[in-house]
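Here's a quick briefing to read with the model open in your viewer. Take a look at the chain first, then work down the bullets.

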Amino acid sequence: MRLTYLGHSCFLVETAGARLVLDPFLTGNPNAALSAADVKCDYVVVSHGHSDHNCDAATLAETNGATIIANHEIAEFYAARGFKTHGMSPGGGHDFPFGRVALTIAFHTSSFDAESPTLYAGCACGIVIEADGRRLYHAGDTALFSDMQLIGRRGLDAALLPIGDNYTMGPTDALESLDLLKPKVAVPMHYGTWPLIAQDPVAFADAAGRAGHVVKPLRPGESLAL
Ligand code: NI
Ligand code: MN
């Protein structure tokens, strides 16, 4: 499994059987590694309805014929617009040809805020991907919550964790989340896109290292083999 950071909370996950883009936000993202038109993928996985997590979902689905995987409400939103979708709910997962995708709980809000902040988009979720003998957790946007220990219990090869503060966990809570998740490696996300969520990922990685965790900040475009 190969993980490439595309900026903000957007990652490309390449498995032996498929290419997945998680939380596509490239258009309008000042740190985007690629333009949406240049991304090749088979699946798009969306954690929640906020535009900084799904604004390029339709473009990627259209240009690639990709299937959008998300909670039921987001899946129905895109299905009504003619896209291939697979909806599920937190605690549920599905075995796809390349591997398994499951949704977890997350503590955050969710609306199609690009259309209207009151347009319901189901609940905000985290994402677990199991493929090629690897297990990956993308936390989406979330607060720290104690049930992260349940997500970590079966072992995580990597955890992608927000550290930006204000809208999500900041570095202090993200550090605590590492104690619950115990991933082999964590990659920080959801920081630096705007001044409000400016953070120092190297300082976070250093603090995590002192606590016995491995954190690897990735520059947009940089990859990590899991
Ligand atoms: Ni959000
Ligand atoms: Mn966000």
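The largest nonpolar core of this structure, a predicted model, has 50 residues, and L20, V101, L136, Y137 and L161 make the most contacts inside it. Strand β9, residues 125–131, chips in the largest share of that core with five residues. There's also a second, separate core of 22 residues, with L6, V44, I68 and I74 among its members.

**Packing**

- As background to those two cores, nonpolar side chains in soluble globular proteins tend to be buried together.
- For a close-up of packing, try S177, which sits in helix α5.
- S177 has a relative accessible area of 0%, so it counts as buried, the cut-off being under 20%.
- Setting aside neighbours within four places in sequence, S177 touches L144, M148, L161 and M169.
- L161 turns up in both places: it is one of the residues with the most contacts inside the largest core, and it is also a contact of S177.

**Metal site**

- Which residues coordinate the manganese ion (ligand 2)? The donors are D52 (OD), H53 (NE2), D141 (OD) and H190 (NE2), at 2.2 Å.
- Along the sequence, those donor residues follow the spacing D-H-x87-D-x48-H.
- D141 does double duty, bridging the manganese ion (ligand 2) and the nickel ion (ligand 1), which lie 3.2 Å apart.
- The pair H53 and D141 ties together distant parts of the chain: H53 belongs to helix α1 (residues 51–54), D141 to the loop between β10 (134–138) and α4, and they are 88 residues apart.
- H53 is at 0% relative accessibility, so it's buried.
- D141 comes in at 2% relative accessibility, so it's buried too.

**Salt bridges**

- How many salt bridges are there? The count comes to seven.
- D95 and R100 pair up through their side chains, at 3.3 Å from N to O.
- In that pair, D95 is exposed because its relative accessibility is 53%, and the line for exposed is drawn at over 50%.
- Its partner R100 has 28% relative accessibility, so it's partly exposed.
- R135 and E130 form another salt bridge, at 3.0 Å from N to O.
- Here R135 is buried because its relative accessible area is 9%, while E130, at 27%, is partly exposed.
- K184 and D157 make a salt bridge as well, with their closest N and O atoms 3.2 Å apart.
- This K184–D157 pair links distant parts of the chain, 27 residues apart: K184 is in the loop between α5 (171–181) and β12 (186–189), and D157 is in the loop between α4 (148–152) and β11 (158–162).
- Is each end of that pair buried or exposed? K184 is exposed because its relative accessible area is 59%, whereas D157 is buried at 13% relative accessibility.
- R2, E14 and R19 are joined in a salt-bridge network.

**Pocket**

- The largest pocket has a volume of about 300 Å³.
- Its lining takes in 16 residues, and L103, T104, R135, I151 and R154 are the ones nearest its centre.
- R135 is worth a second look here: it lies among the residues nearest the pocket centre, and it also forms the salt bridge with E130.
- β8 (99–105), β9 and α4 each provide at least two of the lining residues.
- Which element gives the most to the lining of the largest pocket? That's β8, with five residues.
- β9 shows up twice in this briefing, as a supplier of pocket lining and as the source of the largest share of the largest core.

**Backbone oddities**

- Most residues other than glycine have a negative phi.
- H8 goes the other way, with a positive phi near 55°.
- H8 is in the loop between β1 (2–7) and β2 (10–14), and at 1% relative accessibility it counts as buried.
- N166 also has a positive phi, near 65°.
- N166 lies in the loop between β11 and α5, and its 49% relative accessibility makes it partly exposed.

Technical notes
Residues numbered from 1 in each chain as written. Chains lettered and ligands numbered in written order. Predicted model: local features only at pLDDT ≥ 70, side-chain atom pairs only at ≥ 80, totals over all residues. Heavy atoms only, no water. Salt bridge = Lys/Arg side-chain N within 4 Å of Asp/Glu carboxyl O. Buried < 20%, exposed > 50% of the residue type's maximum accessible area, 1.4 Å probe, protein only. Helix = DSSP H or I, 4+ residues; strand = E, 2+ residues; numbered from the N terminus. Contact = heavy atoms within 4.5 Å. Core = buried A, V, L, I, M, F, W, Y, C linked by side-chain atoms within 4.5 Å. Donors = N, O, S within 2.8 Å, 3.2 Å for Na, K, Ca; no water. 1 Å grid on protein atoms, 1.4 Å probe; cavity = no way out; pocket = protein on both sides within 12 Å on 5 of 7 lines; lining within 4 Å. Points joined across faces, edges and corners; volume = space filled by probe spheres on them.
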